[in-house]
Amino acid sequence: MRVLLVGSGGREHALALGLAADPSVERLIAAPGNPGIAGVAELRQVDTADPAAVSGLAVEEGVDLVVIGPEAPLVAGVADAVRATGVACFGPSAEAARLEGSKAFAKDVMTAAGVPTARAYTCTDEAGTARALDEFGAPYVVKNDGLAAGKGVVVTDDRAAALAHAAECGRVVVEEYLAGPEVSLFVVTDGEAAVPLLPAQDFKRVGDGDTGPNTGGMGAYAPLAWAPPGLVDQVMREVVYPTLAEMRHRGTPFAGLLYVGLAITTAGPRVIEFNARFGDPETQVVLALLESPLGGLLHAAATGTLAAHPPLRWRDGAAVTVVLAAANYPGPPRTGDVITGAERPGVIHAGTARRAADGALLSAGGRVLCGTATGPDLAAARDAAYALVDGVDLPGSHHRRDIADAAVRGAVTLPA
Ligand code: AMP
């Protein structure tokens, strides 16, 4: 099978490694890709948010499957354009991708489907926002209604800061705070059949001990030894199947990757958010543990044949990824620094570029690289991931030093 992978971040590098390792994938093209992906795929330049450009490239290259990594092309309708040419595509339609593109739409679907989630109000003015904040009390949760690349959410005890964020965004969802450890569950679906991957946990705050501002994600690990038994079955039953049924009922079936972000509260799992694509950096750890061929799985979802797909096989042990971020991230990152020590298996490229003059590897984004490693247990995987990150030199970079530590110590606890 010939596959075109769309995107250029760490998630896409992890997807590229998985696709390249699948014996049924005879040719892998990535657009635009990155210097890490270049090790396993042919790169093509394309405007990933231009549906006609991406579908044109798929036809020109005669591919059998297009896999769309990031959210922006999905919301722009790239999957629709690819499917319209008759090429199979892993990724939801623009209509279905609104589960991620609009927080208010996602809440509406969850309410209609009876999915357990935080109570919420959509607010467009200061008076409405203030009323909602006061009804729920602190900590306040204010979410930008549109796509914000994982950075549109403010969780704060400071009422004035909550109001200021709402004023900046215009239209926001204000919701009740959900207390409990968070879980990311990826579900591969063709709209009807659905296959859960291993649950993972990511680290959103920039600083050790979950301090500082939110980021796109600073690290992740899987599996979750502390998760309640039966969690995945419960989430499939209470969240995933009702949501897929509601999307079909609306005439906009969701096929692709449904990312379910959950808080495990005293009342059970509650949905924090849906995304319409693989999460970054959880993909790095989940795919590191997936033994079943990735191309075959995504092709089955893209062609409506997932019900006939064999059960997934997983590797024993654990996986950890640690993100190395550029100076000033999550603020506007400093780019153009020379990176050394990155040419090792397990170093995933997230925001890198090659200098044309001499081929030197440069930082080109906020999250630059991820050290991703597996091991017989979580402690071994963590140590191996940190060894990778410690071997990289990027001036001014920073990373968290406590990824997976609480889980290694057995200190992730469920609320009583
Ligand atoms: P989101 O973009 O919706 O995933 O939000 C980003 C992060 O904000 C989440 O991973 C949570 O850590 C936090 N968050 C969002 N909504 C809530 C909530 N209702 N209660 C507690 N934390 C939340």
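On a 1 Å grid over the protein atoms alone, a cavity is a set of points where a 1.4 Å probe fits but cannot get out, and lining residues have an atom within 4 Å of a point. Grid points are joined across faces, edges and corners, and a volume is the space filled by probe spheres set on the points. The model is predicted, with local features requiring pLDDT of at least 70 and side-chain atom pairs counted only at pLDDT 80 or more, while totals for chains, interfaces and linings use all residues. Residues are numbered from 1 along each chain as its sequence is written, and side-chain values use heavy atoms, hydrogens and water being left out.

Two cavities of 30 Å³ or more are present in the structure. The volume of the largest cavity is about 80 Å³, and its lining includes Leu99, Glu100, Met110, Lys143, Glu175 and Phe274. Two or more lining residues come from each of helix 5 (98-101), helix 6 (103-113) and strand 17; helices (H or I, at least four residues) and strands (E, at least two) are DSSP runs, numbered from the N terminus. Helix 6 contributes the most, with four residues. By class, this lining comprises five nonpolar, one polar and six charged residues, where Ala, Val, Leu, Ile, Met, Phe, Trp, Tyr, Cys and Pro count as nonpolar, Asp, Glu, Lys and Arg as charged, and the others, Gly among them, as polar.

The second largest cavity encloses about 30 Å³. Among its lining residues are Leu324, Val347, Cys370 and Val392. Strand 22 provides the largest share, three residues, and helix 12 (378-390) supplies at least two. Seven nonpolar residues, one polar residue and no charged residues make up this lining.

A pocket is an open set of points with protein on both sides within 12 Å along at least five of seven lines. The second largest pocket holds about 340 Å³ of space. Of its 18 lining residues, Leu17, Gly18, Leu287, Ala288 and Arg315 are the closest to its centre. Helix 1 (10-20), helix 10 (282-289) and strand 22 (367-375) each give two or more residues to the lining, which contains 10 nonpolar, five polar and three charged residues.

Strand 17 also belongs to an open sheet of four strands, ordered 11-10-16-17 with antiparallel pairing; two strands pair if DSSP finds at least two bridges between them. Strand 11 (194-196) and strand 17 (268-275) are the edge strands, each pairing on one side only. Seven bridges join strand 17 to strand 16 (residues 256-265) in the antiparallel sense, and Ala263 stands opposite Arg270 in strand 17.
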